Every structure is written in structure tokens, then in C-alpha cells.
Amino acid sequence: MKNKTTLVPLALTFIFLFCAKAVPQFNGQRAFKDLEKQVSFGPRVPGSDAAGKCLNWLEGELNKTAEKVVKQPFSHYDKRNKKTIYMNNLIASFNTGAGQRVFLAAHWDSRPFSDQDSGENAKKAVPGANDGASGVAVLLEIARNLKRQTPEIGVDLIFFDGEDFGPEGKLDEYFLGSRYFARNAGNYRPRYGILLDMVGDAQLNIPIEGYSMEYLPHVVEKVWSTAESLGMYQFERRMGGYINDDHKMLIEEGIPCIDIIDFAYPDESNRYWHTRQDTPDKCSAESLEAVGTVLLNVIYNEELN
């Protein structure tokens, strides 16, 4: 009996590898360097010099890989400081001739204050290594793979600004870039989207987010079953909480999107979230590679109707 039970998973693995399409390899070390590069600019607070430098760098990197890069400017009136802040989303498109499309998204800004910290640190901006830079780093490495090997499906990578701008409890001042994108999407009708947030945690454990399962269980199943077939233990078959994030703003405007997020950073204590401790040493290339590998397999195995 021992030999028979051992052969079953091996057979399933062989079938998956035989049937799956050729998928390029995600480079976690290179993605981690992109994470460190973003943090090196300083906190990417909307309207800051650091944000401007990071935006220019992101645009330059995407122009090396994407067929089309669009900067989507918008503004927000900052009630706390009584001034208008100018922000930008970036949209990078691959296989632009494909009518059927999917998208991946992340926010590239970082929080203006570390309100989960104490003392003087609470007034300082969050470095945003995991909360912001990790998702962007995964998308940049995926962009390099999309350039090298064109998938059948059209792919858009969307980088949202202003996700983490608001004070605690003021949700109308969060998710500014995704709100603007969703309300100005026109006839953009992707099959689905996948949002990445807080995916760089060195202790990565990704449960299924509540709104994702409620609205798009088939996409959740697509992603989590792919992760299981690849042996990516970081994706856990358990329900997490309902999390307000950019994907919720998209869903509300009729754009389907799930959220891949490990909100417990680094564990249930959540002691690094929205603090000055959100730095690259709390993240890992292995975590970025696990997420990126799953997404590449989802994209390259997506079949046209």
C-alpha cells in the first residue's frame, strides 16, 4: 500500500507537467533587488520627491518591457494638510492585439505615517518594503518574462497610487488610484484581475481573502489549485478575513478582481504593518518567487475562448 499511495501524487504531478504549457521562470532574487530599489528612494508618499523619483524609475523599467505604457494622472484634495496632491497610476500592456485580457495589479505608494508605531515614529512615513514594494517587484519581474515570451492572453499590469494615503478609519481617503482607474475604465472588460498586496513577508502564508471568494470563487480556485500543483505551500486552503483593498474598489465598479494578500505581517501579531519596521530585511526573495511563479503559470495556461 505504501508504494501505491506514493505513486498517485507522482502520477498527478507528471500529468500536470505534461499538459501544462511552457512557462518562463520567475527570478526571485532579481525581484528582491527591485523591492530594495524602491525602498532606496525613501517612502513613496504621494506628492513627495521620493515618489517622483520612483515613478520615473518605474516608468523607465516598464518602457524596457511593455508594448505600451500609460501614465494616468489624477489629483486628491488632502483634507488634513488642506492642499491638492497630484498622483499617478501606471498601466503597462502586453500582447496589445489580444482582445481577451487579464490584469495584475499592485500599489506603488507607501503610507505617509506609521500610525501603528509609537512615539515620534508614528509621525514618520512607512518604508513600505512589504506593503507596496513587494507587489510592484513581482509585477516588474513578470513584465520581463512577458517581454521574453508572449502569452496567448493579453495582459495589463496596473500600478496604483494613493492606496495607503488615508488616516485610520477614513476609508474614503484610501484606494485613491484604484477608485480613479475603475471609474474611468470605459469599456475595459478583462476576464479577471489579480491584486498583489503584502506578498513579500519572509514568513509568507496566504489565506483566501473573503471578498475574493464571495465574488470570484472560480478565479480563487484557478490560483490556489495552480499553487497546489506547483507545491507552493505559501498559498493556504483556509479562509482569511474580508479585507478592504484596491480589489474591492474595482469589484464595486464591475471590474472582477481577487486579492492575494498576507495581512498577518509577520504573524498574527501584525507588528510590522504600518510601522517603521516594514523594511526589506523582513521580506524574502523566496516569497516573491513563490507568488510570481504561481502567477506566471496562471497567465501562460490561460486559454482563449
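Let's start at Asn184, which is partly exposed, with a relative accessible area of 44%. Keep in mind that this is a predicted model. Asn184 sits in the loop that runs between helix H5 (176-183) and strand S5 (193-197). Follow the chain to Glu253 and you have gone 69 residues along the sequence from Asn184, yet the two C-alpha atoms are 9.8 Å apart in space.

Now look inside. The largest nonpolar core holds 68 residues, and the members that touch the most others are Leu157, Phe235 and Ile260. Take Leu157 as an example: leaving aside residues up to four places away in sequence, its contacts are Leu90, Ile91, Ala92, Phe94, Leu104, Leu139, Ala143 and Leu146. There is also a second, separate core, this one of 13 residues, with Ala185, Leu250, Ile255 and Cys257 among them.

Charged pairs come next. The model has 21 salt bridges. One of them joins the side chains of Asp34 and Arg144, at 2.9 Å from N to O. That pair ties together distant parts of the chain, since Asp34 belongs to helix H2 (residues 28-40) and Arg144 to helix H4 (residues 129-148), 110 residues apart. Both Asp34 and Arg144 are buried. They also belong to a network of salt bridges that links Arg30, Asp34, Glu61, Lys64, Glu141 and Arg144.

Other salt bridges sit in other surroundings. Glu120 pairs with Lys123, with 3.6 Å between the closest N and O atoms. Why does Glu120 count as exposed? Its relative accessibility is 54%, and the cut-off is over 50%. Lys123 passes the mark too, so it counts as exposed at 63%. Then there is Arg271, whose side chain meets that of Asp267 at 3.2 Å, N to O. Here Arg271 is partly exposed, with a relative accessible area of 43%, and Asp267 is partly exposed as well, at 28%.

That leaves the pockets. The largest has a volume of about 280 Å³. Of its 17 lining residues, Tyr174, Phe175, Asn244, Trp273 and His274 are the closest to the centre. Sorted by class, that lining comes out as eight nonpolar, three polar and six charged residues. The second largest pocket encloses about 230 Å³ of space. Which residues lie nearest the centre of the second largest pocket? They are Pro207, Asp262, Phe263, Ala264 and Glu268, out of 15 that line it. In this second lining the classes split into six nonpolar, five polar and four charged residues.

Terms used:
Residues are numbered from 1 along each chain as its sequence is written. This is a predicted model: local features need pLDDT of at least 70, side-chain atom pairs count only at pLDDT 80 or more; totals for chains, interfaces and linings use all residues. Side-chain values use heavy atoms; hydrogens and water are left out. A nonpolar core is a set of buried Ala, Val, Leu, Ile, Met, Phe, Trp, Tyr and Cys residues joined through side-chain atoms within 4.5 Å. Buried means under 20% relative accessible area, exposed over 50%, partly exposed in between (1.4 Å probe, protein chains only). Contact means heavy atoms within 4.5 Å. On a 1 Å grid over the protein atoms alone, a cavity is a set of points where a 1.4 Å probe fits but cannot get out, and a pocket is an open set with protein on both sides within 12 Å along at least five of seven lines; lining residues have an atom within 4 Å of a point. Grid points are joined across faces, edges and corners, and a volume is the space filled by probe spheres set on the points. Ala, Val, Leu, Ile, Met, Phe, Trp, Tyr, Cys and Pro count as nonpolar, Asp, Glu, Lys and Arg as charged, and the others, Gly among them, as polar. Helices (H or I, at least four residues) and strands (E, at least two) are DSSP runs, numbered from the N terminus. A salt bridge is a side-chain nitrogen of Lys or Arg within 4 Å of a carboxyl oxygen of Asp or Glu.
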